[in-house]
Amino acid sequence: MGNKLSGKDLIKLGFPKNNSINIALGQINRYRKREKKESILTEAKDVLLNPEKYEGNGTWGKVAEGLIKPVQVRMHQLKTTRAPFSIFGENEIDQQAKFQLYDSLKLPISVAGALMPDAHSGYGLPIGGVLATDNAVIPYGVGVDIGCRMSLSIFDLPASHFKGREHQLEAILRDNTKFGMNEVQSSRVDHEVFHKSEFQDIPLLKNLLPKAYKQLGSSGGGNHFVEFGIAKIDNPENEWKLEKGEYFAVLSHSGSRGLGANIAKHYTYLATKQCPLPKNVQHLAWLDLNTHDGQEYWLAMNLAGEYAKACHDDIHRRIAKAIGKRVVVTIENHHNFAWKEMVNGQECIVHRKGATPAGEGQLGIIPGSMTAPGFIVKGKGNLESLNSASHGAGRLFSRAKCKSSFTQSQINKELKKHDVTLIGGNIDEAPMAYKDITKVMANQTDLVEVLGTFTPKIVRMDR
């Protein structure tokens, strides 16, 4: 008997000759290959005799499911009619984004949908797409950067804090933020998120823990940024203890780094295997929340969201320490995530791919571009938008189009015109790549109330 476990070994134990053998071998080869064959066989025998005991277990849960109630893999067809939907700012949105929403509305699990005024075509669901589904989660409806979010810290410092301190503030941004694929903070900190049981119970996450620990407080690349700017408060909330006025503030935009990307990749693969769909909508493959993989993705997604928040908290803590002042108000929100929410009296999974939660009274921040203001908002709880709003201005030019359309000197001219200092940044994030945020905001007056603005002054991005 060799030391590598085979299907024959499992059949000898009494496993049925079905997919449960392949699942068991896949899980063991992936997560338990260093262990002794005998001890794995002893465990496998127990799983076979008492599968109920192993439901939800990291290694054996999927095998137990295969023995009790196997996931039915069958080709799903799209419905001929769409679930109800609303589009905000329709004239500003490209056709491709609309078609992507229309396809998603024909999924047999779809309950309702909406498109935000900053929408543009994406991968799977369009960016700015909101989709409510019945007891199913679409990994690509959440996106690769799970829990990508905004965080705004307002200091009890006047906007004039910038005067004469520009170089000092640039140095603070350079020293306390990390960008790109490989840059990480040199002084690492622990965080309660790393002690959550999911990091031990789900084998995939256990393997990702060292990387997540290393990347805490870093921002990655793409359109992620950390910037100093001026928060102009027009309608302060009572609990803010801030008067109307202009304050020194820091705004960050980033997500769950390698942790979220690996979760997205792994569970998207599982979804496409379990949920065959016509080729043009295969990216919308879902996981049923009653299955082992659906439950596991839900836990992993929520953990990635908490990790993304922990990254922002760490960045803001470092910056506040360097400035030597306390933050008086924090406003934050995810915009690549799925939530359990009620839609027309039914509990649904509401996916917001590049959309801001805007339930009644919910605070959020909708950025413009590096030369345009962002907006501090309070949700109006509009049911037609499924309690959502835009997540920014939205792109007018794709990244590839930016490279052929703009030059660095054009960008420099634009930055100078708006008195903005840029550290890093490249042509595909040119301010001109984005839609006019004031138009986008005008198209969502039914969705959010504006409490104030944030105007960038010193911007740090990946180069």
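This passage walks through helix 7, helix 11, a hairpin and the nonpolar cores of a predicted model. Residues are numbered from 1 along each chain as its sequence is written. In this predicted model, local features need pLDDT of at least 70 and side-chain atom pairs count only at pLDDT 80 or more, while totals for chains, interfaces and linings use all residues; side-chain values use heavy atoms, with hydrogens and water left out.

Helix 7 covers residues 166-176, and its buried residues are Leu169, Glu170, Ile172, Leu173 and Asn176 (buried means under 20% relative accessible area, exposed over 50%, partly exposed in between, with a 1.4 Å probe and protein chains only; helices are DSSP runs of H or I with at least four residues, strands are runs of E with at least two, and both are numbered from the N terminus). Looking down the helix 7 axis, these buried residues fall within an arc of 155°, so they line one face of the helix (the arc is that of the directions from the helix axis to the C-beta atoms). On the face turned away from that buried side sit the exposed His167 and Asp175. The buried residues pack against strands 6, 7, 16 and 17, and against helix 11.

That last partner can be spelled out: Ile172, Leu173 and Asn176 of helix 7 meet Arg318, Ile319, Ala322 and Ile323 of helix 11, where contact means heavy atoms within 4.5 Å. The two helix axes come within 10 Å and cross at roughly 145° (axes are lines fitted to C-alpha atoms, for helices over the stretch in contact, with angles running from 0 to 180 degrees between N-to-C directions).

Helix 11 spans residues 292-323, and His292 belongs to it. His292 is buried, with a relative accessible area of 8%. Leaving aside residues up to four places away in sequence, His292 touches Gly56, Asn57, Gly58, Gly61, Lys62 and Glu65.

Helix 11 also matters for the count in the largest nonpolar core, supplying nine residues, the largest share. This core has 54 residues, of which Leu205, Leu259, Ile263, Tyr267 and Tyr297 touch the most other members (a nonpolar core is a set of buried Ala, Val, Leu, Ile, Met, Phe, Trp, Tyr and Cys residues joined through side-chain atoms within 4.5 Å). Apart from it lies another core, of 52 residues, with Tyr247, Ile331, Ile366 and Ile376 among them.

As for the hairpin, strand 10 (residues 336-343) and strand 11 (residues 346-353) pair in the antiparallel sense over eight bridges; pairing requires at least two DSSP bridges. Asn336 has Lys353 as its bridge partner. Two residues separate the strands, and Asn344 in the turn has a positive phi of about 50°.
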